[in-house]
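Got your viewer open? Load the model below and keep your selection tool handy.

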Amino acid sequence: MPRFFAACTLGLEEVLVDELHGVEASKIRARRGGAEFEGDLATGYRACLWLRSATRVQEELVRGAVRDRDDLYALTESVDWSIFITPRNTLAVDGAVRDSFANDTRYPSLVVKDAICDQFVRFDGERPSVDRDQPDLPIKLVLQRDRAILYRDLSGAPLHKRGYREVQHKSPLNEALAAGLVLLSDWDGESTLADPMCGSGTFLIEAAFLAMDRAPGLGRAFAFERWQDTDQEAWQQVYDDAEERAARRQDLCPAIAGNDHHPGAITIATRAIQQAQLSDRIQLTQTDARAWEPPFEPDWILTNPPYGARLQTDDDSLYESWRSLGNFLHGRKDATAHVLCGDPALTRHLGLRAARKHPVHNGPIECRWLRYEIGGGED
Ligand SMILES: C[S@@+](CC[C@H](N)C(=O)[O-])C[C@H]1O[C@@H](n2cnc3c(N)ncnc32)[C@H](O)[C@@H]1O
C-alpha cells in the first residue's frame with residue numbers, strides 16, 4: 001500500500017487530518033507541518049484534487065540508512081525509475097537535509113539526480129534532463145542524520161495554486177492557509193459570510209468553493225498526470241466524481257460579501273472571483289470597513305487585517321485599520337468573527353475579548369486565529 005505525506009502550514013495539521021478522512025485515506029498520522037497516510041494511487045489523486053489545507057502530496061518511494069554518498073547513491077538506485085518516467089521526461093530533486101553527512105541540500109540532491117540519470121543511461125543509453133521549474137517528476141529527498149526518504153511529489157506546482165489568481169495582491173493569503181482557516185472556524189457552509197478587509201478575496205473564494213462542494217484542484221494540472229504508471233482510468237473516475245459533486249451543489253452557496261478600502265485590491269479580487277466563476281455568488285464593495293454596510297447581516301466574519309510585517313505600513317495607519325475593524329465588528333448584532341493576527345499588540349484596538357486563540361503560521365510569521373463571539377462574549 002503506497003505511503004504518502006501531505007504538507008501543510010504549521011498549525012493546520014488537525015484540519016488536514018480531518019480532510020484526509022474525507023478522501024478515504026487510512027493510517028493517518030499528524031506530523032509537524034503535515035500528515036502521513038496510506039492509500040492506493042487513487043487516494044493520492046483524490047488527496048491532490050480535494051485537500052484544501054495541503055500544499056503538497058508526496059508518495060514515499062524508498063527509505064533507508066544513509067551514512068555517506070555511496071549509501072545514498074545505492075538507495076536511489078534501488079528504485080526502478082523507468083516505472084515513472086522515460087528519458088524524454090524531465091526531473092528535479094529538492095532536498096531537506098539536517099545533521100547528515102552533507103552540509104547542505106545541493107550535494108545530496110545532486111547524488112540522487114546522478115543515480116537516477118546513470119540508471120537510465122545504463123538501460124536506455126539516454127537520460128532525462130533537469131527542469132527546475134516544471135519537472136515531470138519532482139523528487140523530494142529528506143535526509144536527517146543517517147536516515148533518508150525519497151518521495152515523488154504528485155502535486156507539481158504547490159496545491160495552493162488553484163489557478164484563479166493571475167495577479168498578486170501585495171500580501172495575499174496563501175489559498176491553502178485561507179481554506180484551512182475557513183475549516184478551522186467551523187463555518188457550516190450555510191450561514192452568510194463576509195470579509196470587511198478582503199484584499200484579493202481569498203477567504204471569500206475558498207469559502208464559496210467549500211459551500212459548493214467544489215474540489216479546489218478542479219481545472220488545474222498535477223505532476224502525476226504525466227507519469228507512466230498513472231492509472232488514467234482511476235484518475236478520470238476521481239475527476240468525474242468531483243465534477244459531479246460540484247454540479248450537484250452549484251446553487252447551494254449562501255450570501256458572501258467582501259470589502260476593502262483599496263481600489264487596487266478590489267480590482268484584483270474582482271478578477272480572481274471572475275476566474276473562479278463566482279461573480280454571481282460574491283458581492284464586493286470598496287469603502288472603509290468602519291463605514292461598510294454589507295448587503296446582508298453576516299453571521300460569519302473571516303478577515304485578515306494588515307499587521308505590518310509584509311505591508312510595511314506605519315504604526316498609525318495599522319492601528320487605524322484595527323480600530324476600523326473594531327467599529328465594524330461592534331456594529332454587528334449577532335455574529336461569530338475570526339481574525340488572523342500576527343502581532344498581539346494590535347488586537348486591543350478591536351475592543352473585544354477573544355473566545356479562542358489558535359496558533360498558526362502565515363509564512364514565517366507566527367499568528368493567532370482569533371475567534372470572537374459578537375453580541376455574546378464581548379467586553
Ligand atoms: C493582509 S491584507 C488582506 C489579504 C487578504 N486576506 C487576501 O487574501 O488577499 C489586508 C487588507 O486590509 C485592507 N484594509 C486595511 N485597512 C482597511 C480599512 N480601514 N478598511 C478596509 N480595508 C482595509 C488593505 O487594503 C488590505 O487589502
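This is a short tour of a predicted model, stop by stop.

**Stop one: the domains.** Colour residues 3-153 as domain 1, then give another colour to domain 2, which is made of 175-212 plus 253-374. Put a centroid on the C-alpha atoms of each domain and you should get 35 Å between domain 1 and domain 2. Where they touch, domain 1 puts in 10 residues and domain 2 puts in 12. Pick out the domain 1 side of that contact: five residues there are nonpolar, four are polar and one is charged.

**Stop two: the ligand.** Now select the shell around the ligand, 20 residues in total. Zoom in on Met197, Gly199, Ser200, Thr202 and Ser321, which come nearest. Two elements give two or more residues each to this shell: helix H6 (202-211) and helix H9 (315-330). Colour the shell by class and you'll find 10 polar, eight nonpolar and two charged residues.

**Stop three: the core.** Nonpolar side chains tend to be buried together in soluble globular proteins. Here, the largest nonpolar core runs to 111 residues. Show Ala6, Leu16 and Ala208 as sticks, since these have the most contacts inside that core. Then select helix H5 (residues 175-184), whose eight residues are the largest share of the core from any element. Keep your domain colours on, too: domain 1 and domain 2 each supply at least three residues to this core.

**Last stop: Ala6.** Which residues is Ala6 in contact with, leaving aside neighbours within four places in sequence? Select Leu16, Leu20, Gly34, Ala35, Phe37, Ala47, Leu51, Ala54, Arg56 and Val57 to see them.

Notes:
Residues are numbered from 1 along each chain as its sequence is written. This is a predicted model: local features need pLDDT of at least 70, side-chain atom pairs count only at pLDDT 80 or more; totals for chains, interfaces and linings use all residues. Domain bounds come from an automatic or database domain assignment. Two residues are in contact if their C-beta atoms, placed from the backbone, lie within 7 Å. Ala, Val, Leu, Ile, Met, Phe, Trp, Tyr, Cys and Pro count as nonpolar, Asp, Glu, Lys and Arg as charged, and the others, Gly among them, as polar. A residue is near a molecule or strand if its C-beta atom, placed from the backbone, lies within 6 Å of it. Helices (H or I, at least four residues) and strands (E, at least two) are DSSP runs, numbered from the N terminus. A nonpolar core is a set of buried Ala, Val, Leu, Ile, Met, Phe, Trp, Tyr and Cys residues joined through C-beta atoms within 7 Å. A residue is buried if 20 or more other C-beta atoms lie within 10 Å of its own, exposed if 12 or fewer, and partly exposed in between; C-beta atoms are placed from the backbone.
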